[in-house]
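Work through the exercises below with the sequence and the model in view. Each task is followed by a solution in steps.

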Amino acid sequence: MKEQTVCHIDDMQPGELRESVIGRISIVVCKTLDGEFYAFTNKCIHQGGPLAKGKLCGAPQSDNPGEYTFCQDGEILRCPWHGREFDVKDDGRMLANPERKLPSFPVKIENDYVIVYK
Ligand code: FES
């Protein structure tokens, strides 16, 4: 199993994305607003957009027509190319098509450093 030290936990701000490489694979590391870390392929499963250049944002949710609430702030990874959205806390599942998800990588915090495994 390969591992990659990405950074110290304080080197990334909540809501920040960071590109890293493990082996030959480009990954995007996400720090959510509550300080958790997640890692996914940096290549969007739609047409390969560089996800590290996207944003961590939230998503609108609606229980009734015309009523929207904003939720999951800082937990949705939005691709910079065509705006596909992926739920980082749900294993990278695509919001519009939950059967599809981003390949993900285990993340551990060791001595306050973010380590990604492959
Ligand atoms: S390449 Fe990501 S949404 Fe199209």
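**Exercise 1.** Is strand β4 (residues 37-41) largely enclosed by the rest of the structure or left open?

Solution. The model is a predicted one: local features need pLDDT of at least 70, side-chain atom pairs count only at pLDDT 80 or more, and totals for chains, interfaces and linings use all residues. Residues are numbered from 1 along each chain as its sequence is written, and side-chain values use heavy atoms, with hydrogens and water left out.

Step 1. Fix the terms. Buried means under 20% relative accessible area, exposed over 50%, and partly exposed in between, with a 1.4 Å probe and protein chains only. Strands are DSSP runs of E with at least two residues, and helices are runs of H or I with at least four, both numbered from the N terminus.

Step 2. Apply them. Five of the five residues of β4 are buried, so the strand is largely enclosed by the rest of the structure.

**Exercise 2.** Find the partners of β4 and place them in their sheet.

Solution. Two strands pair if DSSP finds at least two bridges between them.

Step 1. On one side, β4 pairs with strand β3 (residues 25-31) in the antiparallel sense over five bridges. Within this pair, C30 stands opposite Y38 of β4. The two strands form a hairpin with five residues between them, and G35 in the turn has a positive phi of about 85°.

Step 2. β4 also pairs with strand β9 (residues 104-105), again antiparallel, over two bridges. Here F40 stands opposite S104 of β9.

Step 3. Six bridges join β3 to β2, and these two run antiparallel. R18 has V29 in β3 as its bridge partner.

Step 4. Put together, the four strands form an open, antiparallel sheet in the order β2-β3-β4-β9. β2 (17-22) and β9 stand at the edges with a single partner strand each, so one side of each lacks a neighbour in the sheet.

**Exercise 3.** Describe the sheet that contains β5.

Solution.

Step 1. The order is β5-β6-β7-β8, four strands in an open sheet with antiparallel pairing. β5 (55-64) and β8 (93-94) are the edge strands, each with a single partner, so one side of each is left without a neighbour in the sheet.

Step 2. β5 and strand β6 (residues 67-78) pair over seven bridges in the antiparallel sense. The bridge partner of Q61 in β6 is T69.

**Exercise 4.** Describe the surroundings of E85.

Solution.

Step 1. E85 lies in strand β7 (residues 85-87). Its relative accessibility is 19%, so E85 counts as buried.

Step 2. Contact means heavy atoms within 4.5 Å. Leaving aside neighbours within four places in sequence, E85 is in contact with G58, I76, L77, R78, R93, M94 and L95.

Step 3. The side chains of E85 and R78 make a polar contact at 2.5 Å. Such a contact is a pair of N or O atoms within 3.5 Å; within protein, one must be able to donate a hydrogen and the other to accept it, and residues adjacent in sequence count only if both atoms are side-chain atoms.

**Exercise 5.** Summarise the chain as a whole.

Solution.

Step 1. The chain has eleven strands and zero helices.

Step 2. Of its 118 residues, 40% are buried.

Step 3. Along the principal axes, the C-alpha trace spans about 45 × 30 × 20 Å.
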